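Student: I am new to this structure. Can we go through the terms used for it and see what earns each one?

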Amino acid sequence: MSEYPDLQTIQETAKRLQGKVLTTPVWQWQTGVIADQLLPQTEVWLKLELLQKTGTFKLRGALNCIEALDAEAKARGVVAVSAGNHAIAVAYASALAGTRAKVVMLEQSSPARIAACKASGAEILLAPDVHQAFAWAKQIAEDESRTMIHPFEGPLTAQGTATVGLELMQQVPQLDAVIVPIGGGGLCAGIAAAVKQINPACAVYGVEPEGADSMSRSLRSGQPEKLEKVSTVADSLGAPFALPYSFGVCQRFVDDVVRVSDDALCQAMYFLFRDMKLVTEPATAASTAALLGPLKEMLNGKKVGLIVCGANIDAGRYSELLARGQALAEKS
């Protein structure tokens with residue numbers, strides 16, 4: 001198997017998933033903060049993966065993994081660990097494929113995400129932190145002979161996420177850059193592989209929260225790194241470590257990874273709401289925060305694609321973070 005998803009495999013994956021996942025739309029952001037802060041010739045295109053079934057990109061990788069299982073593996077069931085979005089995708093994909101899912105979520109997971117998992121028939125277990133969640137899921141896989149559907153690692157996951165990049169490059173040709181939020185790196189790895197094989201001149205930038213920067217650290221050290229602690233409002237980007245496959249693909253295809261603060265994430269959430277009328281979770285605002293922050297000087301005047309990756313957030317938490325973002329925007 002290739003050390004990264006080659007273009008033919010990505011195209012075959014897209015055909016296989018056709019009709020089971022949505023081809024999500026793109027929309028150009030031409031108002032508000034983009035018009036105010038960037039040069040007039042700048043083009044900012046949003047890849048609206050938050051409109052995907054289950055509310056995030058995660059369905060693409062989860063479904064690709066689960067559909068690859070043989071009948072015996074499907075009969076034994078699957079297990080997953082997730083702050084929420086991957087859990088929802090695995091629950092939905094399992095129901096679609098006729099298998100049973102057990103998912104280990106975090107005690108502080110959004111009630112909306114837990115409810116969405118239950119609605120698809122998954123069994124939910126709650127762990128106190130992400131390290132214990134991974135350990136518990138691994139134990140379940142061993143004890144019950146279930147297949148672990150990893151939230152971001154492995155070729156099948158990257159093949160699924162790569163279809164986001166394939167669609168974007170077909171929808172908006174000749175992009176100068178694509179900005180992708182990074183949790184564990186599965187989304188960025190797949191998208192970067194697709195983008196670079198279609199247009200090697202297009203830059204790919206990953207973006208992480210300052211309090212969950214395992215990929216930044218890994219790329220600096222040259223090997224997958226583990227974080228002692230994760231601290232960010234973007235729980236979907238709170239992977240505590242990088243792993244070899246996704247790290248290797250990112251190392252090969254990603255031009256750079258930048259970091260943004262929680263304040264910048266909240267402010268970007270507010271801009272997406274105010275200007276584009278999009279309700280997003282903090283992770284989804286990371287690409288906007290990077291464009292308006294650490295990548296602004298480099299990409300001003302360019303044609304840029306932003307991956308808008310998901311929107312699974314409950315109303316109370318969204319209101320709280322939106323108010324924080326609005327206050328910061330009005331102060332700046």
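Tutor: Start with helix α10 (residues 214-221) and helix α11 (residues 244-253) in this predicted model. Their axes come within 11 Å and cross at roughly 65°.

Student: Why are α10 and α11 called roughly perpendicular?

Tutor: Set the angle against the range. Roughly perpendicular covers 65 to 115 degrees. The crossing of α10 and α11 is at roughly 65°, so the two helices count as roughly perpendicular to each other. As for hand, α10 passes α11 in a right-handed crossing.

Student: Which residues make the contact of α10 and α11?

Tutor: From α10 come Met 215, Ser 218 and Leu 219. From α11 come Ser 246, Phe 247, Cys 250 and Gln 251. By class, that contact has 4 nonpolar, 3 polar and no charged residues.

Student: What makes α1 roughly perpendicular to α3?

Tutor: The angle again. The axes of α1 and α3 cross at roughly 90° and come within 11 Å. The range for roughly perpendicular is 65 to 115 degrees. An angle of roughly 90° falls in it, so α1 is roughly perpendicular to α3. Thr 13, Arg 16 and Leu 17 of α1 meet Arg 60, Leu 63 and Asn 64 of α3. Those residues divide into 2 nonpolar, 2 polar and 2 charged.

Student: Why are α8 and α9 called oblique instead?

Tutor: α8 and α9 pack at about 45°, with their axes 7 Å apart. Roughly parallel needs an angle under 35 degrees, and roughly perpendicular starts at 65. About 45° fits neither, so α8 and α9 are oblique to each other. Their crossing is right-handed.

Student: What is the make-up of the contact of α8 with α9?

Tutor: It has 10 nonpolar, 4 polar and no charged residues. On α8, the contact residues include Ala 158, Thr 161 and Met 169. On α9, Gly 186, Leu 187 and Ile 198 are among them.

Student: Now the empty space. What makes a space a cavity, and how many are found?

Tutor: In a cavity a 1.4 Å probe fits but cannot get out; a pocket is open. The search of the whole structure finds 1 cavity of 30 Å³ or more. The largest cavity has a volume of about 50 Å³, so it passes that cut-off.

Student: What lines the largest cavity?

Tutor: Its lining includes Phe 57, Lys 58, His 86, Pro 151 and Thr 161. α3 (58-67) and α8 each supply at least two lining residues. α3 gives the most, with 3. The lining has 4 nonpolar, 5 polar and 1 charged residues.

Student: How much space lies in the largest pocket, and what is around it?

Tutor: About 620 Å³. It is lined by 41 residues, and the closest to its centre are Ala 83, Asp 235, Ser 236, Leu 237 and Gly 238. α5 (85-97), α7 (130-144) and α9 (186-198) each supply at least two lining residues. By class there are 19 nonpolar, 17 polar and 5 charged.

Student: And what lines the second largest pocket?

Tutor: It holds about 240 Å³ of space. Of its 13 lining residues, Ala 14, Lys 15, Gln 18, Thr 23 and Glu 167 lie nearest its centre. α1 (7-17) and α8 (155-171) are the elements that give two or more residues. The lining divides into 4 nonpolar, 6 polar and 3 charged.

How values were computed: Residues numbered from 1 in each chain as written. Predicted model: local features only at pLDDT ≥ 70, side-chain atom pairs only at ≥ 80, totals over all residues. Heavy atoms only, no water. Axes fitted to C-alpha atoms, helices over the stretch in contact; angles between N-to-C directions. Helix = DSSP H or I, 4+ residues; strand = E, 2+ residues; numbered from the N terminus. Parallel < 35°, antiparallel > 145°, perpendicular 65-115°, else oblique. Left-handed = near helix turned anticlockwise from the far one by under 90°. Contact = heavy atoms within 4.5 Å. Nonpolar A, V, L, I, M, F, W, Y, C, P; charged D, E, K, R; others polar. 1 Å grid on protein atoms, 1.4 Å probe; cavity = no way out; pocket = protein on both sides within 12 Å on 5 of 7 lines; lining within 4 Å.
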